[in-house]
Structures are given as structure tokens and as C-alpha cells.
Amino acid sequence: MISLDAIVLALAQPTLLVGFLAFLGLLFLRRPVAGVLSGVVGAMVGYVMLVPGALVVQESLLRLADAMSRAFGIAVLVPHNEAMAALVQPSVGLATILILVFGLLTHLVIARVTRFRFLFLTAHQSFFMAALLALVLTASGLAMPLIVFVGALLLGVWSSLSPALGQAFTRRVTGDEAVALGHFGSLGYYLAGWVGARVNRRYVRETDASGDGGTEEAPSGGFSSSASGRAVAASALSDSQARSRAASRLRSTEDIRIPSLSSLLRNVTVTTSLSMTLVFVVAALAAEQPLSAAVVYALFFAVGIAVILAGLRLLLADVPPLLTALGGRFVPDALPAVDCAALFPYAPSAVVIGFLCSLSGALVGMVGIGLLTGLWILPSVVPHFFCGATAGIYGNATGGLRGAIAGALANGLLLTALPALLSLFTGSGVAMTSAGTMSGAFGATTAMAVAATFGDTDYAILGTILGALGTTFGPISIAMLAIGVACGVWMWGRKR
């Protein structure tokens, strides 16, 4: 007879835990036996695929480290969510899975008992956030039960709060209340919307004349079901329509005919291959190394990312339908929070303009930070396409063409500066290096290191805050902060 200790020991293996949780979720969805079997095996295989994908990425980056050290003697940081989430699984895999599961349940509870009635459906973003929280909380010295408790609390709170904070901006993009934004680059997008409005002074004057101070109530379906709430929401929609009319007189990005590049740039494998080939070839030329080997290792990097993405698709395939089913039962009027790419059809030209401006801002930031600190943050084309394009859309919605340019530039600078700060707390013990490790301080970074870290704004800001708090005041301060934030969100979002 199998003992309870043996069961607990088996479930302590992340791969087996993933299979068990997938089994429970598929039973809840009432899948047939064949569907349950394929779902369980698919989830377990998907999780296992993360490790070999990460090893291929690591080997590729070690070759890049060697070329960079020989040619320039510099430290390189690569912000890449997929690579980083896969790389940390051998050390914090169990904590990642537990934080993900309990964090999504916490999110559903918050949506049920507060006005923040959103359903965060972008499963891979939740997985990346769970991995970040597991990494930072483990490095801060918390015990496993507290890591899971604090991580799940923070993931649930931010999954609910992130769509709510910027729903006013999202409404200006979509023109209705159909969807919210479910992406953890949200703070960069909302900043782009704010910058866009400030850059275009005429827009600010006209919106101020409409009687709005720059803020809006949240959607009626997501925040209030009372008559007074509906009246406030109706007034907010009226103000939104006035702002939309004002914005329509601005020169929009959509007034410019731009060849559509989104189909090419959205192909992650192609864009990763092209961009990394350029980087590897430049490094090989400078280091006087064979170009053929540089191209091969650049393609190795793209292969590793492709394997990781395929694993994530298998691992998380049934999470959105499970969340939808749970939300339909417990939060039937929740607003779906979807991936940023779902907003691309609203402003196709802003997608291209936002990507180019975000990448330009990243290059400026890379040079500036590199010269000041000796740490060079290598922009990745794929994150800047998705995040920069979305920032351009939000900037265009509030400030037209000028808003899209300024908002995307600001987003690009953030995507460079924030990972540099986050690396202070995630570099040590996680970096891939050729002759040393990231030391945790700019001035003492090893000159021959290549490290990876999380890249999008929400990950970098939250990780930096938690890392700084744990380093300065100790791990218990992080737990106190998480509880305080959760209580604050509950009091703010209480139904009236």
C-alpha cells in the first residue's frame, strides 16, 4: 500500500504535481477519459520541455559571453521572460507551480468579493510572474510555506488590480467595455497612455474642458452593480465619448499608411533568429571568431526559445478554459482580461510605429546605461514588438501620432532601465556566465558575464521592490507588505 509520505514526496516533484493538478482541472471541466489522459500527459511533457529548452538557450548565451568578453570585455544582460522562467525551474520549480495555482484561485476570490471583477486569461504571463515571485522570495530567505502564501497573494492581487488600473485607457483603445488588458507589461502601456495625453497639449486642453481631470471610473460590469454605480459609469462613458471625439481630431497613426509587418514580427522563431544572428555575427566579427559558428549558435538560441514556447503551450493549454469555467460559475459578470496582441487590430499602424520607437528607446537606454555602469542590456526584438506595439496603441489612443511615438519611446527606456535594476536581485545564482557571475551590483559585475532576467515592466518593478525590501528590512517585511497590499485592495474594492 502506498503511504501518505510517498504521495507527498511524489507531488513534491514539479512534473508530477503538474500532472496531478491538470488531472483535477480536467475532471472539473468534465473532459472525456481520452481528453483527460491527453491533457495530463501534455501538461507534464510541456513542463519537462522547459528544461532542455533552457539548456540550449544557456549554451548559446555562453558562446555569446565568450565572444563579448574577447571583443569588448563587457557584461551583457538579456531581458527575456521565456528564457528566464525556464532557466529558474530546476531551482524554484515547485514554488512556481504552487504560486501559480493558488495565485489564480486568489485572483478568482478577489474578483468574487470586490469590485475588481476581471478574469485574467493570459496564462503564460501568470506563469512568468509566478516564476519571478518564486525566485525573488526564495532569494530573500523566506521558508517554502511563506513563499507560496506571499507569492500567491501577490499574484492574485496584481492579476486583479492590473486590468483595473488601466481600464480607462483600454476603453479609449477599444471604444467599448468588451475586454480588459491581461498582460504584465501593463504599467508601461498605461505610462504610454499618460505620456501620450501630456505630449499632445491640445488633447489635454480639450479633455480638461470636457470636465475630466484625467481619471475615469472603472467599467460598470467590473466595478459596481448598484444603480449609483451604473450612473457613474454612464457619466464616465459620456466623458469617454467626449474624449474620443477630441482625440479623433488629432493626427492618428492610422492616418499613415504603413506596410504591415505584424505577421512577420509576430513569428517569434523568425524574429528571434534574425535578431540574434545579427548580435552573434557582430560579436564574432569583433572577436575574430568564425561566422559560421556564430550563425549556428544564434539559431540554437532561437531553437531553445521555440522549445520553451512549445512547452508552455502544452503546459498551459487548459488553464484559460478552466479559468473561464470557474469564472462563469463564481464570477459570471467578470470582464475578460486578454493578451496585448488582441488589441493590435484596433490600430495596425500604431503597432509598427510603437515597435520601432520602443526599440529605438531601448537602444538609447542600452548605450547610456552601458557607458555609465558597464552593464549592457541587450534589447530583444520580440518583447519590444509586443510591448512596444501595445505602448504605441495606448499612446495613440490618448495623444495621436505624437502620443504613440513618445509613449513607445518611454516604454522602450523602461524596458531597458528596469531589468538593469531587477538584475541586482536576480543576477546572482541565476546568470549564465563564461567566467564569473553577476555580483548583484553594477560596479562589481564580472566583465565576462552574460545573464538573463525578466524583461517586462510589471515583473521588473514588482521584483525590484520585493528584492530591495527583503535586502534592506529582511524577509518578514515582504510578507507584511503583501498582507498590507491585499488588505488595501480589499478595502478599496469593497462592493457598495
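A residue is called buried under 20% relative accessible area, exposed over 50% and partly exposed in between, with a 1.4 Å probe and protein chains only. The model is predicted, so that local features need pLDDT of at least 70 and side-chain atom pairs count only at pLDDT 80 or more, while totals for chains, interfaces and linings use all residues. Residues are numbered from 1 along each chain as its sequence is written, and side-chain values use heavy atoms, leaving out hydrogens and water.

**Exercise 1.** Determine whether Ile483 is buried, partly exposed or exposed, and find the element that holds Ile483.

*Solution.* Begin with the element: Ile483 is found in helix H20, where helices are DSSP runs of H or I with at least four residues and strands are runs of E with at least two, numbered from the N terminus. Next, take the accessibility: because its relative value is 39%, Ile483 counts as partly exposed.

**Exercise 2.** State which strands lie at the edges of the open sheet, and describe how S3 and S4 pair.

*Solution.* First, write down the order, which is S2-S4-S3 for the 3 strands, with parallel pairing; two strands pair if DSSP finds at least two bridges between them. The edge strands are then S2 (118-120) and S3 (180-181), since each pairs on one side only. Finally, S3 joins strand S4 (residues 335-338) in the parallel sense over 2 bridges, and Ala180 stands opposite Ala337 in S4. In general, the strands of a sheet pair through backbone hydrogen bonds, either parallel or antiparallel.
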